[in-house]
Amino acid sequence: MKKLYTYFLLCIVLLLLPLNYLFSQSEKKSGRVLFFSEEINYEVAPFTSILEDKTNSLTYEEIKQKEFTLNDKANINFGIKSSITWIKFRIKNQTSIPTAKLFFVIEYPQLDLVCFYFVLKDGSIFKKNIGDTFPFYDRELKIRFLNISLPEELNYDSDIYISV
């Protein structure tokens, strides 16, 4: 039963599989929000905005002030680059599933470093790094793909930023 439950959680991927989404035109800047309903799999790419940091020097605080470009592709794939790509999006959990049981899964396990930046309910920033340079046993889900759970205290009124 535990394996079945873990498999179910794994299926709540955000960066994979079929497109099951709703658009919200009322949200600021990105113009799009991914709403979790009772679906199992979600593709995040159509809800993202992208910014390339060719200097590789911008910080999280600096990147929040920059203008992002809406992503118009079904997948996020820029090939091999030496620059950092920042990804921004917003989600809303409208399910009965606790936030900490929702996972981001990245189907490209060869990424060296992926940094997630979450704003928590108290206004603090929670940063979590994942990538193939970290030991496999540190992964929350013991699968070959990179994965991270959403923080339980996630502030859904803030954007999520990822640097790759």
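Thr85 lies in strand β4. In this predicted model, the residue has a relative accessibility of 7% and therefore counts as buried, the limit being under 20%. Beyond its neighbours within four places in sequence, Thr85 is in contact with Ile50, Leu51, Phe78, Ile162, Ser163 and Val164. The strand that holds Thr85 is itself mostly covered, with five of its six residues buried.

**Overall architecture**

The protein has 164 residues, of which 48% count as buried. Its secondary structure comprises two helices and 10 strands, arranged from the N terminus as α-β-β-α-β-β-β-β-β-β-β-β. Among contacts with a separation of 6 or more, 67% join residues 24 or more positions apart. The exposed area of the protein is about 9,200 Å², and carbon and sulfur atoms supply 54% of that area.

**The six-stranded sheet**

An open sheet is built from six strands in the order β3-β2-β4-β10-β7-β8, with antiparallel pairing. Its edges are formed by β3 (69–70) and β8 (125–130), each of which pairs on one side only. Three of the strand pairings within the sheet order are set out below.

| Strand pair | Sense | Bridges |
|---|---|---|
| β2 (residues 49–53) and β4 | antiparallel | five bridges |
| β4 and β10 (residues 160–163) | antiparallel | four bridges |
| β7 and β10 | antiparallel | three bridges |

Individual residues give the register of these pairings. Asp53 stands opposite Ile84 in β4, while Phe89 stands opposite Ile160 in β10. Tyr117 has Tyr161 of β10 as its bridge partner.

**Aromatic pairs**

A search of the whole structure yields nine aromatic pairs. In one of them, the ring centres of Phe89 and Phe104 are 5.6 Å apart and the planes meet at 75°; the pair is edge-to-face because angles over 60 degrees fall in that class. This pair links distant parts of the chain, since Phe89 belongs to strand β4 (residues 84–89) and Phe104 to strand β6 (residues 103–106), 15 residues apart. Both Phe89 and Phe104 are buried.

A single aromatic cluster is formed by Tyr60, Phe68, Trp86, Tyr117 and Tyr161. Two of its members, Tyr117 and Tyr161, also face each other as bridge partners.

**Nonpolar cores**

In soluble globular proteins, nonpolar side chains tend to be buried together. Here, the largest nonpolar core contains 20 residues, and the members that touch the most others are Phe89, Phe104, Phe116, Phe118, Leu150 and Ile160. Two or more residues are contributed by each of β4, β6, β7 (114–119), β9 (146–149) and β10. The largest share, three residues, comes from β7. A second, separate core has nine residues, including Leu51, Ile63, Trp86 and Tyr161.

Several residues recur across these descriptions. Phe89 and Ile160, which stand opposite each other, are both among the residues that touch the most other members of the largest core. Phe89 and Phe104 of the edge-to-face pair are likewise both in that group. Trp86 and Tyr161 belong to the aromatic cluster and also to the second core. Leu51, another member of the second core, is one of the residues in contact with Thr85.

Methods: Residues numbered from 1 in each chain as written. Predicted model: local features only at pLDDT ≥ 70, side-chain atom pairs only at ≥ 80, totals over all residues. Heavy atoms only, no water. Buried < 20%, exposed > 50% of the residue type's maximum accessible area, 1.4 Å probe, protein only. Contact = heavy atoms within 4.5 Å. Areas by Shrake-Rupley, 256 points an atom, 1.4 Å probe, with all protein chains shown as cover. Phe/Tyr/Trp six-rings, centres within 6.5 Å; stacked < 30°, edge-to-face > 60°. Pairing = 2+ DSSP bridges. Core = buried A, V, L, I, M, F, W, Y, C linked by side-chain atoms within 4.5 Å.
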